[in-house]
Amino acid sequence: MFGVLARRLLSALPVLLIVSLISFGLMRLIPGDPAAAIAGIAATPAQIEQLRQDLGLDEPLWMQLVHYYEGLARGDLGRSLLLGKGVFAATMERLPVTIALSLYALVFTLIIGIASGIIAALKQNTWIDQAAMMFAMIGISVPNFFLGLLMIILFAVHLGWLPSGGYVPFSESPVGWLRSMTMPAFSLALLQAGLLARITRSSMLEVLRQDYIRTAKAKGLPQRRVILKHALANALIPIVTVVGIIVSLLLSGAVVTEALFSIPGMGQLLTQAVLNRDYPMVQGGLLLVTTFLVLVNITVDTLYAVLDPRVRHE
Amino acid sequence: MNRLLLASTFAATFALPALAAPFTCPSRGGDIVFGQEANVNSLDQMTSSTISTRNIAMNMYESLMTRDENNRPILELAESMEEAPDGLRYTFRLRQGVTFHNGKPLTSADVAASFNRYNRIGLQRSTLDNVAGWDTPDPRTFVIRMKQVQPTFIEALSSFSVPIVVIPSEHENDDRQQLRAVGTGPFRLLEFVPGSHARLGRYDGYSPNTAFEQRTGFGGYRVACVDTVTFRIVTEASARVAGLETGALQAVEDVPTRSLETLRRNSAITILPLQNWWIQIALPNTAHGPTANLAFRRAVQAALGMEDIMDAATDGNYRLNVGFQYPNQPSYTDAGRETYNINDPARARTLLRESGYRNEPIIILTNRDYPPMYNAALVMQQQMRAVGINANLRVVDWPTSVQMSQRVNSDEWHIFHSGWGTQPALGALATMQFLVAPGANYRPRDDKDDPDVLAAWNRMNNEREPAARQAAFADMQRLVLERAYAYPFGALTKVQAVRSNVQGYVPFRIPRFSNVWITR
């Protein structure tokens, strides 16, 4: 097990190297002047020029690349042009917010997706199955931005149950955090819940046709035990694979949700960084997010081994 | 010495007869949450030119001088300013009883430290290029020594674009964008979470400027009536409107036109148009292609119908406006008005023939980051096509369009769309710097100014008498319009809105929360 883990961690290094190179190159390929972006529309040409000099944006490209990798070797991700602070510090302020939002959304995704997938599989070809799959299709089809707006109108404007936006840190008020994150998490989750419901249904249908399920039923085991212990446990491998993908989708989907609900997360930070050509922030931020996703994938791989003894033995 | 008692002069000008006593809060307490459209990255006003930073920071910081309601210079932290007869020395006497948010009394050493920091990293530190130095003969006196006479120095010093805000001397060496948020304003910073919000609280030790009786512009007699003001970043317009409707936000900026009808029907909400937010404008590239030809540029000028362009750009929230200042400003002039809103296709075609135009593609450079610019470009394209110009849009994002427009002798574009907001509000001098090198927006070949325009600009800067400077501005505006170096379309109105229980809120270049109170 530890060998597997070590190999996976080592194989992640080239991935991070490639991501760092791609993000560096792509940012330089995008036209646009960081100084003009950061100075804003109110700036005069003279102010923009002053800022360009202050930020040291006139260095040759190769020198910027050397400085970038020198910094990485020292564990320094650089300094955000926009925020004037270290990229790592800025990311660490925002990443936990996005991770918390994504995990909360994941809870919704798992509850809605797995439950409706199991029910649809058990009630195959009935109206319940069709209703569940229609719900899944709606979830997949409706953009979370649009869903978020509808939820704001319903739950904030008309019913007044939840705030229309803003973020309350958990440390400040757990109830406030729940209230501020519920709508964003739900709108983010629905798309992925639809996907998970369809995967769970098909995986469960396949397992439910297996001989050992028939045997379990013939033995007279209670329905709940047959489904939860024998069927679901064996259907979990594809579900776990999809959940790993869903975590990365939730993280990337958070960009739009954070903007809509005014949540100061990583999505907003990176969007602003891209729009403002904040090279160090984009490079460093992407590297840290990639590291996180790599860790999620390693966790998923490890979970395979936990769930399926055959993988352990291999 | 020629004593300029700016404070008392302007206080008298703006004192309202019915309100002879200084402003007092009709009620105190309460919290206001303001929905702000743009992200704030730093509250360091010395190193930021962004409107979003200014929105918040100008409620916290103060300068020696600022601008009044009509953008005229007024004293803020100084109680008097004397200009030496030779124009080479300005002596400021500081107001008594002013303290920083940390309780420390303001002295001239703090002002000197603020100038030192600004001179080191201030984004507009060219303001101090002609300053030989500054002295602090005593704790209440601050003296600026000039290298040469600069009649416009006070105008530049009082600019709110990137103001020289006064900070405690111990913060002089704070890094760029890392300035500790301690000012002398009516509100102090309680919390700042970039990307989320900034929360300000009333500074109980604030000493209002008793030379005035009311708030005016960025200064005047200011009092914080509410306990806190939270600037919440809500970039999505629909979310801002929803927040206002639910009462989660008490005030918002940039209300979309599509929501106005609904909001007007809501008695709990007051709509507040902020006129003259910016001048919608397009500028030709005179270094290259048909737009280097005066007859062609005039043909374009003759083809333009400003009502249609402004209507599309602003969803109907505009006023037609000649030139580069607004009618409410002291330096407004309609010089060159005959070039504005001609909308005469026949004349445009005649000028086009005179120019020798041969159907070369004309590239209109615009962006989608600012929808008014994109929409204005669309209508302009159609109006140009209607007279036989092969006009095409090139749509990029704002940073790219600025980068492209600033390249010397660029052949990538012919007409660049922009919006001038802060500079026209600051006055003629600030605005017309867009039209001189370096980086003159009409992009003359090799960045060499039109000598007539440059001569007018020099007179604007160097004439000793204000009337002569104003005449020079009128000449410069006329020249720029007659030579079609700019196509100013009109003035855009930005719509703000507040909950009806928010009183005293008057839209301005920033959301001002002093002298604003909440009725119970």
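Two residues are in contact here if their C-beta atoms, placed from the backbone, lie within 7 Å. Keep that in mind as you go round, and remember that this is a predicted model.

**Stop 1: where the two chains meet**

Colour by chain and look at the interface. On one side, 41 residues of chain A are in contact with 49 residues of chain B. To see what chain A brings, select helix 2 (34–39), helix 3 (45–55), helix 7 (144–158), helix 10 (223–261) and helix 11 (266–275): each supplies at least two residues of the side of chain A that touches chain B. Helix 3 of chain A gives the largest share, seven residues. Now colour that side of chain A by residue type, and you get 23 nonpolar residues, 13 polar and five charged.

**Stop 2: chain A on its own**

Hide chain B for a moment. Chain A has 13 helices and zero strands, so to speak a one-letter pattern: read along the sequence, α-α-α-α-α-α-α-α-α-α-α-α-α. Its C-alpha trace spans about 80 × 55 × 35 Å along the principal axes. Of the 314 residues in chain A, 42% count as buried. Take the contacts of chain A with a separation of 6 or more, and 74% of them are between residues 24 or more positions apart.

Next, select residues 211–218 of chain A, which make up helix 9. The number of buried residues among these eight is zero, so helix 9 of chain A lies largely in the open. Step just past this helix to A:G220, where phi is positive, near 90°.

**Stop 3: chain B as a whole**

Bring chain B back and hide chain A. You are now looking at 15 helices and 22 strands. The radius of gyration of chain B is 24 Å, close to the 24 Å that the globule rule gives for 520 residues, so chain B is as compact as a globular protein of that length. The C-alpha trace of chain B spans about 70 × 60 × 45 Å along its principal axes. In chain B, 56% of the 520 residues count as buried. Among contacts in chain B with a separation of 6 or more, residues 24 or more positions apart account for 73%.

**Stop 4: a hairpin and its neighbour**

Select residues 187–193 and 197–202 of chain B, which are strand 9 and strand 10; they pair in the antiparallel sense over six bridges. One place to zoom in is B:F192, whose bridge partner in strand 10 of chain B is B:A198. The two strands form a hairpin with three residues between them, and in the turn B:G195 has a positive phi of about 85°.

Add residues 228–233 of chain B, and you have strand 13, joined to strand 10 of chain B by five bridges and running antiparallel to it. Here B:R199 has B:T230 in strand 13 of chain B as its bridge partner.

**Stop 5: strand 20 of chain B**

Now pick residues 487–499 of chain B. This is strand 20, and it is mostly covered, with twelve of its 13 residues buried. What pairs with strand 20 of chain B? Start with strand 15 (residues 269–284) of chain B, an antiparallel partner joined by eleven bridges. Find B:P273 there and look across to B:V495, its bridge partner in strand 20 of chain B.

Strand 14 (residues 251–252) of chain B also runs antiparallel to strand 20 of chain B, with two bridges, and B:V252 stands opposite B:A497. Strand 16 (residues 318–319) of chain B likewise joins strand 20 of chain B in the antiparallel sense through two bridges; in this case B:Y318 stands opposite B:L492.

Stay on strand 20 of chain B and centre on B:A491. Is B:A491 buried or exposed? A residue is buried if 20 or more other C-beta atoms lie within 10 Å of its own. B:A491 has 22 within that distance, so it is buried. Beyond its neighbours within four places in sequence, B:A491 is in contact with B:Q275, B:N276, B:I279, B:Y318, B:R319, B:N321 and B:Y326.

**Stop 6: the nonpolar core**

Show both chains again. The largest nonpolar core has 227 residues, of which B:I309, B:M432 and B:L435 touch the most other members. Helix 10 of chain A supplies the largest share of this core, 16 residues. Finish at B:I309: leaving out residues up to four places away in sequence, it touches B:L304, B:A376, B:V379, B:M380 and B:F489.

Terms used:
Residues numbered from 1 in each chain as written. Chains lettered and ligands numbered in written order. Predicted model: local features only at pLDDT ≥ 70, side-chain atom pairs only at ≥ 80, totals over all residues. Helix = DSSP H or I, 4+ residues; strand = E, 2+ residues; numbered from the N terminus. Nonpolar A, V, L, I, M, F, W, Y, C, P; charged D, E, K, R; others polar. Rg over C-alpha atoms; globule rule 2.2 N^0.38 Å. Pairing = 2+ DSSP bridges. Core = buried A, V, L, I, M, F, W, Y, C linked by C-beta atoms within 7 Å.
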